[in-house]
Amino acid sequence: MALEIMPVPCPHCGEAQNVTPGGFDPEAEPFGPVSCMVCGRKFDRDEYLTGLRARLGERARRRGQPTAGF
(Lines give C-alpha, C1' and ligand atoms only; values in the text may rest on other atoms or scores of the structure.)
Protein backbone atom coordinates (compact mmCIF):
# COMPACT_ATOMS: atom_id res chain seq x y z
CA MET A 1 0.00 0.00 0.00
CA ALA A 2 1.43 3.39 -0.98
CA LEU A 3 1.75 5.98 1.75
CA GLU A 4 0.00 9.32 1.45
CA ILE A 5 2.34 12.20 0.65
CA MET A 6 2.44 15.26 2.92
CA PRO A 7 5.13 17.76 3.91
CA VAL A 8 7.36 16.66 6.78
CA PRO A 9 9.64 18.79 8.97
CA CYS A 10 13.23 19.17 7.83
CA PRO A 11 15.66 17.49 10.25
CA HIS A 12 17.98 20.50 9.84
CA CYS A 13 15.77 23.61 10.04
CA GLY A 14 12.38 22.22 11.14
CA GLU A 15 10.40 23.75 8.27
CA ALA A 16 7.81 21.48 6.62
CA GLN A 17 8.17 22.79 3.08
CA ASN A 18 9.33 19.89 0.93
CA VAL A 19 10.27 19.93 -2.73
CA THR A 20 9.40 16.70 -4.58
CA PRO A 21 9.18 15.94 -8.29
CA GLY A 22 5.80 15.12 -9.86
CA GLY A 23 4.80 11.52 -9.31
CA PHE A 24 7.00 11.22 -6.19
CA ASP A 25 6.51 7.91 -4.36
CA PRO A 26 8.30 7.57 -1.00
CA GLU A 27 8.43 3.78 -1.40
CA ALA A 28 9.99 3.81 -4.89
CA GLU A 29 13.53 2.70 -5.71
CA PRO A 30 15.61 4.73 -6.10
CA PHE A 31 14.33 7.04 -3.37
CA GLY A 32 13.72 10.73 -3.81
CA PRO A 33 14.66 13.27 -4.43
CA VAL A 34 13.11 15.21 -1.56
CA SER A 35 14.64 18.43 -0.33
CA CYS A 36 13.74 21.29 1.99
CA MET A 37 12.50 24.38 0.18
CA VAL A 38 13.88 26.60 2.96
CA CYS A 39 17.43 25.38 3.62
CA GLY A 40 17.97 23.02 0.66
CA ARG A 41 18.82 19.93 2.72
CA LYS A 42 18.31 16.69 0.80
CA PHE A 43 16.39 14.12 2.85
CA ASP A 44 17.53 10.52 2.96
CA ARG A 45 14.90 7.76 2.90
CA ASP A 46 14.87 7.20 6.68
CA GLU A 47 14.55 10.92 7.48
CA TYR A 48 11.62 11.39 5.14
CA LEU A 49 9.76 8.19 6.06
CA THR A 50 10.23 8.80 9.80
CA GLY A 51 8.84 12.32 9.41
CA LEU A 52 5.99 11.12 7.19
CA ARG A 53 4.91 8.40 9.61
CA ALA A 54 5.01 10.90 12.49
CA ARG A 55 2.81 13.36 10.54
CA LEU A 56 0.34 10.63 9.55
CA GLY A 57 0.23 9.44 13.18
CA GLU A 58 -0.44 12.99 14.42
CA ARG A 59 -3.28 13.38 11.96
CA ALA A 60 -4.80 10.02 12.92
CA ARG A 61 -4.67 10.93 16.62
CA ARG A 62 -6.38 14.27 15.94
CA ARG A 63 -9.13 12.41 14.12
CA GLY A 64 -9.42 9.81 16.87
CA GLN A 65 -8.25 7.00 14.58
CA PRO A 66 -5.94 4.16 15.60
CA THR A 67 -2.28 4.67 14.66
CA ALA A 68 -1.23 1.03 14.28
CA GLY A 69 0.99 0.47 11.29
CA PHE A 70 2.67 3.88 11.35
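# How the terms are earned in this model

Colleague: What makes Asp44 a cap for the N-terminal end of α1?

Modeller: A side-chain oxygen of Asp44 lies 3.1 Å from the backbone nitrogen of Asp46, and because a polar contact is a pair of N or O atoms within 3.5 Å, this pair falls inside the limit. Within protein, one atom must also be able to donate a hydrogen and the other to accept it, and residues adjacent in sequence count only if both atoms are side-chain atoms. This is a predicted model, in which local features need pLDDT of at least 70 and side-chain atom pairs count only at pLDDT 80 or more, while totals for chains, interfaces and linings use all residues. Residues are numbered from 1 along each chain as its sequence is written, and side-chain values use heavy atoms, with hydrogens and water left out.

Colleague: Why is α1 called a helix, and how do you know that its length agrees with its number of residues?

Modeller: Helices are DSSP runs of H or I with at least four residues, strands are runs of E with at least two, and both are numbered from the N terminus; with 18 residues, α1 is above the helix minimum. The expected span is 1.5 Å times one less than the number of residues, which gives 26 Å for α1, and its end C-alpha atoms are indeed 26 Å apart. The protein chain has one helix and two strands, arranged from the N terminus as β-β-α. Just after α1, Gly64 takes a positive phi of about 75°.

Colleague: Why is Tyr48 called buried?

Modeller: Buried means under 20% relative accessible area, exposed means over 50%, and partly exposed lies in between, with a 1.4 Å probe and protein chains only; at 0%, Tyr48 therefore counts as buried. Tyr48 sits in helix α1, where the buried residues also include Leu49, Leu52 and Arg59. The buried residues of α1 pack against β1 (18-19).

Colleague: How do you know that Arg59, also in α1, is buried?

Modeller: Its relative accessibility is 19%, which is under the 20% limit, so Arg59 is counted as buried. Leaving out residues up to four places away in sequence, Arg59 touches Glu4 and Met6, where contact means heavy atoms within 4.5 Å.

Colleague: What makes a set of residues a nonpolar core, and which residues form the largest one here?

Modeller: The members must be buried Ala, Val, Leu, Ile, Met, Phe, Trp, Tyr or Cys residues joined through side-chain atoms within 4.5 Å. Twelve residues make up the largest core, among them Met6, Val8, Cys10, Phe24, Phe31, Val34, Phe43 and Tyr48. Helix α1 (residues 45-62) gives the most to this core, with four residues. In soluble globular proteins, nonpolar side chains tend to be buried together.

Colleague: What does Tyr48 contact beyond its neighbours within four places in sequence?

Modeller: Tyr48 is in contact with residues including Met6, Phe24, Phe31, Val34 and Phe43. The C-alpha atoms of Tyr48 and Phe31 are separated by 9.9 Å, although the two residues are 17 places apart along the chain. Val34, for its part, touches residues that include Asn18, Val19, Phe24 and Tyr48.

Colleague: Is Asn18, in strand β1, buried or exposed?

Modeller: At 17%, Asn18 is under the limit of 20%, so Asn18 counts as buried. A polar atom of the Asn18 side chain lies 2.7 Å from the backbone nitrogen of Val8, and Asn18 also touches Met6, Val34 and Tyr48, among others.

Colleague: How do you know whether Cys10 and Cys39 are bonded or unbonded?

Modeller: A disulfide is a pair of cysteine sulfur atoms within 2.5 Å, and a search of the whole structure finds zero of them. Cys10 is in no disulfide, its nearest cysteine sulfur being that of Cys39 at 3.7 Å, which is too far for a bond. Cys10 is buried, with a relative accessible area of 4%, whereas Cys39, at 36%, is partly exposed.

Colleague: Where are Pro30 and Pro33, and what form do the peptide bonds leading to them take?

Modeller: Pro30 is in the loop between β1 and β2 (35-36), and Pro33 lies in the loop between β1 and β2 as well. The bond from Glu29 to Pro30 is cis, with omega near -5°, and a cis peptide bond also joins Gly32 and Pro33, where omega is about -5°.
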